[in-house]
Protein chains: 2
Amino acid sequence: MNYQELPTPALTIDLDVLERNLDRMADYCRQHGIGLRPHTKTHKTPEVARMQVQRGAVGLTVAKVGEAEVMAAAGLDEILIAFPIWGNEKLRRIAALARERNILLSLDNEATAQGLSRAAGAAGATVGVLAEFDVGMRRCGVEPGPAALELARKVEKMPGLKFRGLMLYPGNIWGTEENREKIVKDVAERVGKALEPFRKAGMEVEIVSGGSTPSALLTHKIPGVTEIRPGTYVYNDLNTFYQGACRLEDCAARVVATVVSTAVPGRAMIDAGSKTLSSDGLGSGPATGHGMVVEASDAPLIKLNEEHGHIDITRSSHKFYVGEVVTVIPNHVCTCVNMHDEVFLVRKGQVEGSWKVAARGKVR
Amino acid sequence: MNYQELPTPALTIDLDVLERNLDRMADYCRQHGIGLRPHTKTHKTPEVARMQVQRGAVGLTVAKVGEAEVMAAAGLDEILIAFPIWGNEKLRRIAALARERNILLSLDNEATAQGLSRAAGAAGATVGVLAEFDVGMRRCGVEPGPAALELARKVEKMPGLKFRGLMLYPGNIWGTEENREKIVKDVAERVGKALEPFRKAGMEVEIVSGGSTPSALLTHKIPGVTEIRPGTYVYNDLNTFYQGACRLEDCAARVVATVVSTAVPGRAMIDAGSKTLSSDGLGSGPATGHGMVVEASDAPLIKLNEEHGHIDITRSSHKFYVGEVVTVIPNHVCTCVNMHDEVFLVRKGQVEGSWKVAARGKVR
C-alpha cells in the first residue's frame, strides 16, 4: 500500500531516513569515543530502542518510570531515568526494576536521594545515581562547583545507591552556528567547574552525561563529557531543521492528512489539529506556524484547533482540493509522537507495517 | 486515599463540580427548550457521556469515527460526527455504525456527501447529514445563503443519506460580555440568512446545531438554533474562566503534581510538562502561562518542557519545597485530558476511583 492510501491522519516514519539518522549519530559517537545513551522520549518505541542498541548505544534514557518499565519489559537494559523522580509508589517501581536491570536516576538534592535509598534498600536493589548540575537551562541541577561533590559524597553513604557520575542538560546550545559555538564554550567551562572538585578530591566520576540533538555533534568540544542523550535525532522535526541541526530530508516523521474542506475562501482545512500534531510552537526559523505542508511550503499551517488544521492558501500556487492527501512535517516530533498509539512504517513510499508507541502516555 | 497521595502527575476530576456543571447546562437547555448534544471531545469517557444522557441530552457529538465507535460500543446512540470525514476506510466504519445506531455527519461539500452515500449504500445503512455553514470562524462551512439549501437538495437525492438539518460552530463568540453580545447578534443574522432559503422553499430543517461552551448560555438569543454542542463545560479550564464563562471553583479537572527540584534559584520544577498539561496557550485573560498553580497563584507556570513545568517563584510568598504536592488548573482541558489514559475521581478531597479515557488518542 502506498502511504497516500493510509486512513488519515496517520503518523508515518520513513525507515531509510530513520536508519540514516541512527547511523550518523552512532558514527559520530564512535569516532569521538563518546557514549550514546539516546533519550527514548522521542520514539517511545522498543523497536527503535533496539536499533539504537544494535548500533552501539551504551544504554537508554527515559524521563518516566513507566517508560523505563516498557523498555525493561522489552529486554532493554542500562536505563537512565533522567528526571528527579519523587514519590514512594514510583520509587518502589524503580527499585523493583533495579533488581533485574541496571537503572540510574538523576537528581539534584539530598531528599530525593534519601527517598530512592529507602526504596532501593527495602527491595534489596542498587540504583545508580547521577548528580545533575545546571549549565544554563535554569531547570534542574546544582550550581557547578562544590555542590555536586557534596551531593555525591552524601549519595555514596546511602544504602542501595551507587554514585556513578554527573549529568547536565545543554538544551541551551542551539541557534546559529556562531551562537552555538559561543554557548558550547560556556557549557565547557561549567563542566570544568563541576568536575574540578572531584579531581581535587580524587573521586572517580565514571559518567558525565550530556547531549541533546542540537548540541550532539559539538560534544567533542566539551571536555569531560563521556556520553550524550539526544532524542529528537531519530526522527528530527521542523525545529531541528530551523536550528540547523538537520536537513528537511532528514525529517523521518510526517503526518499524512487529508484536505476535508475548502468551503471558506482562502482556507484549506486538513484533518490534523493539535490532537494529532501537538500545539508545540516553532522556537526557531520563522517561529510561527504549526508544521510544514510538504506539498505546498508556500501555504502556511496558520492555526490548529483540536482536530482541524487551518492552511492559509491565499498566497500559494498549489491548488488544494477536498480529498487531497498532504504530508506535514511537525514542529516538535516528540510531542507529536506522543499523540499517537501507532506509527506507520514507510520505505520508498510503501507502507511496510506499523509500530505500537508502547511508552506513549506513560505520564508516571 | 487523599488526592495528595496519588502518584503524580495525575489528572483528577472533582465529581461534585462535574455534577454541578452537568446540571447547570442541562437546566439551561431544558428551561429554553434547546436540545443538548454535548461534545465528548473534552472527556472522551463513556461514563461522563452516560451522565449527560441521564440529564436529558438528545444525543452526543464526536469529532472522530474512533470516538463514535467507543461511545456506540458503550451503548450510546444518536451520535453526531461533527467533522467532514473523508476516506473510504473511515466512511465504511461510519456506515457499519449506522446499521446499529443513529449516526449523523456534518459536511459542507458535495464530494464528501457522495463518498458517504456510497459507503452507506454499500452497507445498507442510512446516515443523517447536517450541512455546515460558517458564522465567522472561517473554518468549515458554506456561506450563509442559498449554498446550504443547494447542498441539502443534493444530499436528499443521494441513496443512504437523510438530510436532517444545519450545523454552525459559533466558536467566535467569546471575550467580554459586551463582545459576546455583539457577536451573538452577528451570528443570529447569519443563522437567519442560512434558514431563509429553506423557509422560502418550504423545506423542513429538523436540526440547527450550534453551541460551544463560551456561547452556550447565550443560545436563546440566536433564533432558529434547536440544539447546542458544548464540550468544555463538563470540566472547564483556565481559558473558560478568563472568558468569563465559569468561576475558578467550576474547574473540575486539576493536575496533581509534585515539586521535584528547587536547586535553581528563583525556580520550582514540577513533574508536569507539555506531555501532561498539553502546550495549549491561554487565549484569554493574561494570555501567558501554562496553567494556574492553585496553591500559589502568584507563582506563574512560565514554561513547559515535555516533562518539566517551570514555576517562577521570584515574586511568590509561597515557600515551595521538594516533595510538595501542588495542583494545576490547565489552560485547555480538552487537550490535557487527551494526554491521559485515566482520570482519578475525587470527592471532598478523597479519591473514589478512576475512569479510563476510553476515546483518548482516537485520531481516526
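Q: How do you know what kind of axis relates chain A and chain B?
A: A rotation of 180 degrees, with 0.0 Å of shift along its axis, lays chain A on chain B at an RMSD of 0.0 Å. That is the relation of a two-fold axis. The superposition is a least-squares fit on the C-alpha atoms of residues with pLDDT of at least 70 in both copies. This is a predicted model, where local features need pLDDT of at least 70, side-chain atom pairs count only at pLDDT 80 or more, and totals for chains, interfaces and linings use all residues. Residues are numbered from 1 along each chain as its sequence is written, while chains are lettered from A and ligands numbered from 1 in the order in which they are written.

Q: What makes residues of chain A count as in contact with chain B, and how many are there?
A: Two residues are in contact if their C-beta atoms, placed from the backbone, lie within 7 Å. By that test, 51 residues of chain A touch 51 residues of chain B.

Q: How do you know which surface the copies meet through?
A: 100% of the interface residues of chain A are also interface residues in chain B, so the copies meet through the same surface.

Q: Why are H3(B) and H4(B) called roughly parallel?
A: Their axes (lines fitted to C-alpha atoms over the stretch in contact, with angles from 0 to 180 degrees between N-to-C directions) come within 10 Å and cross at roughly 20 degrees. Angles under 35 degrees count as roughly parallel, and H3(B) and H4(B) therefore get that label. Helices here are DSSP runs (H or I, at least four residues), numbered from the N terminus.

Key:
Helices (H or I, at least four residues) and strands (E, at least two) are DSSP runs, numbered from the N terminus. Angles under 35 degrees count as roughly parallel, over 145 as roughly antiparallel, 65 to 115 as roughly perpendicular and the rest as oblique.
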